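The following exercises concern the strands, cores, cavities and selected residues of one structure. Each task is followed by a solution worked in steps.

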Amino acid sequence: MLNYDIVVVGAGPAGSAAALKAASAGKKVLVIERGPEPGSKNVSGAMIRKDFVSSVFGDSVPFERKVDTLKLSLYDKESPVNIDFHPNQLVTTGRLKLDKWMSSVAENAGAMVISKTTGLNLTWDGDKAKTLITDRGEVSAKSFILAEGVNALLSMKSGIRGDLNTENSVQTVKEVYSVKKEDINSIFGFPDESTGMSWRFVMTDPLVAGFLYTYKDSVSVGIGSPINQLVERKIRPEKLLDDFLDKTGLSAKLKGYSLREYSAKVIPEGGFPNMNVSKGNVYICGDALGLVDPLTFDGISPAIASGTLAGTAALEGFTPDIYKYEMMKNTEISKIAKERKLESEFMSGNKAGEYINMISTLLKNWASGDLSGIRGTMIENYKNIIPDMLSFVINMR
Ligand SMILES: Cc1cc2nc3c(=O)[nH]c(=O)nc-3n(C[C@H](O)[C@H](O)[C@H](O)COP(=O)(O)OP(=O)(O)OC[C@H]3O[C@@H](n4cnc5c(N)ncnc54)[C@H](O)[C@@H]3O)c2cc1C
């Protein structure tokens, strides 16, 4: 049987960060990935904070376009309010390229990465895992890191964490269209092919968080909506995506371009810190701990941060309490935990709708050059939610 110091399951951002940390310390590290290659289960793209990814993996982060404009469209009952931001460190990136690159950085540090291999089960001696059984044989190690993404079967089978709670989760649907570089530039008014944008949308009743990212020669669009709201209103997610594309005018912009990819995935609303993070010598990280923000879709940085920490935990032999404590000290990870209350507040009833209507009413009054009626409007329409909102923000820790 093969023997390693540390075995990592999953070659996504969390797994590669964990492997890089452990291999850089001179340990004998094996990463197994069930896909044909790292990133192959995540073929489309994402928006990332390039500086953060660089700080862990080095400078040559592969990216598609800079996000020169981050646009936010708030849809109230009438018409959208649009706000533009001009961030300076956001980029769009292809997941296949990004994941392959991060995995190669871990390999260069000494980790062994084997694809087309699925982890099936851990064998245990008391509360210490001894071996990992895969579809291609068994491997033993001193520690194991489970970086298996949202469908965390091994973490669940091992009894470390429970099943996904779909009642409080967000269903996402995403489409990627092939669009020529020149066409992207002309549709979105970009001067060249390194310029790009990311567009976030918030709609209410049901609550929908939509997004658009521009890559070099493709555009991805998608939505996420709380599963309980879809069930209550008997709406199918694919219909919600179609409605979203029509309402925002994106279907007209993308008309005639071929659909390259269609995918659906659940983002868990719950997870860390209300979940065990490890057992004995087994440490969980990334999406397997629910470390993704269902309102902003920010998951790659927390995956990298928690993967690095899982690598340290395996090197140092952290107990579950210490691992959890160190996670709460890490700002990338603790921000997700702190935002949980905000997410459930937003997702309960039609609270999000009320907040959005209030913000857009304020902005529309300002844009019309008449703020004289604001007191009346606010008292008339929002007298109940303003105290709610203030007390919620005050109590948000
Ligand atoms: C629609 C959508 C849009 C998103 N957009 C963004 C975005 O723009 N920016 C952002 O930062 N985040 C985004 N996210 C979140 C982001 O994709 C995740 O948070 C991130 O990929 C988590 O990384 P991970 O390494 O934990 O898991 P993953 O990236 O899912 O990697 C897990 C890996 O483990 C492998 N694996 C699983 N089980 C096994 C097994 N038993 N044996 C072997 N291998 C296994 C899988 O094949 C996979 O390669 C988005 C998510 C969704 C659903």
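Two strands pair if DSSP finds at least two bridges between them. Helices (H or I, at least four residues) and strands (E, at least two) are DSSP runs, numbered from the N terminus. This is a predicted model, in which local features need pLDDT of at least 70 and side-chain atom pairs count only at pLDDT 80 or more, while totals for chains, interfaces and linings use all residues. Residues are numbered from 1 along each chain as its sequence is written, and side-chain values use heavy atoms, with hydrogens and water left out.

**Exercise 1. Strand pairing**

Determine how β13 is connected to β14, and which strands pair with β12 and with β14.

Solution.
1. β13 and β14 are joined by a hairpin through three residues. The two strands pair in the antiparallel sense over six bridges, and Thr 214 is placed opposite Val 219 in β14.
2. On β14 there is also an antiparallel pairing with strand β11 (residues 169-178), over nine bridges. Here Ser 178 stands opposite Ser 218.
3. β12 and β13 run antiparallel and are joined by six bridges; the bridge partner of Val 202 in β13 is Ala 209. Their hairpin has four residues between the strands, and Asp 205 in it takes a positive phi near 55°.
4. β12 runs parallel to β4, with eight bridges between them. Leu 72 has Arg 200 in β12 as its bridge partner.

**Exercise 2. Burial of two strands**

Establish whether the faces of β12 and β14 are buried or exposed.

Solution.
1. The criterion is relative accessible area: buried means under 20%, exposed over 50%, and partly exposed in between (1.4 Å probe, protein chains only).
2. In a regular strand the side chains alternate between the two faces of the sheet.
3. For β12, Thr 195, Met 197, Trp 199, Phe 201 and Met 203 point one way, Gly 196, Ser 198, Arg 200 and Val 202 point the other way, and all are buried. Because nine of the nine residues of β12 (residues 195-203) are buried, the strand is largely enclosed by the rest of the structure.
4. For β14, one side carries Ser 218, Ser 220, Gly 222, Gly 224 and Pro 226, the other Val 219, Val 221, Ile 223 and Ser 225, and all are buried. β14 is thus mostly covered, with nine of its nine residues buried.

**Exercise 3. Cavities**

State how many cavities of 30 Å³ or more are counted, and describe the lining of the largest cavity.

Solution.
1. On a 1 Å grid over the protein atoms alone, a cavity is a set of points where a 1.4 Å probe fits but cannot get out; lining residues have an atom within 4 Å of a point. Grid points are joined across faces, edges and corners, and a volume is the space filled by probe spheres set on the points.
2. The count is two cavities of 30 Å³ or more, and the largest has a volume of about 40 Å³.
3. Its lining consists of Val 170, Leu 207, Val 208, Ala 209, Gly 224, Ser 225, Pro 226, Pro 294, Leu 295 and Met 347.
4. β13 (208-214) and β14 (218-226) are the elements that give two or more residues to this lining. The largest share, three residues, comes from β14.
5. Ala, Val, Leu, Ile, Met, Phe, Trp, Tyr, Cys and Pro count as nonpolar, Asp, Glu, Lys and Arg as charged, and the others, Gly among them, as polar. By class, the lining has eight nonpolar, two polar and no charged residues.

**Exercise 4. Nonpolar cores**

Identify the residues with the most contacts inside the largest nonpolar core.

Solution.
1. A nonpolar core is a set of buried Ala, Val, Leu, Ile, Met, Phe, Trp, Tyr and Cys residues joined through side-chain atoms within 4.5 Å.
2. The largest such core has 68 residues, and Phe 57, Leu 132 and Tyr 323 have the most contacts inside it. Helix α9 (residues 300-316) supplies the largest share of this core, eight residues.
3. Apart from this core lies another of 23 residues, including Tyr 177, Met 203, Ile 223 and Leu 241.

**Exercise 5. Two buried glutamates**

Locate Glu 64 and Glu 343, and list their contacts.

Solution.
1. Contact means heavy atoms within 4.5 Å.
2. Glu 64 is in the loop between α2 (50-57) and β4 (65-75), and it counts as buried because its relative accessibility is 10%. Leaving aside neighbours within four places in sequence, Glu 64 contacts Thr 92, Thr 93, Gly 94, Lys 97, Glu 193, Tyr 215, Lys 216 and Asp 217.
3. Glu 343 belongs to helix α11 (residues 331-347) and is buried, with a relative accessible area of 1%. With neighbours within four places in sequence left aside, Glu 343 contacts Glu 269, Asp 293, Pro 294 and Leu 295.

Key:
1 Å grid on protein atoms, 1.4 Å probe; cavity = no way out; pocket = protein on both sides within 12 Å on 5 of 7 lines; lining within 4 Å.
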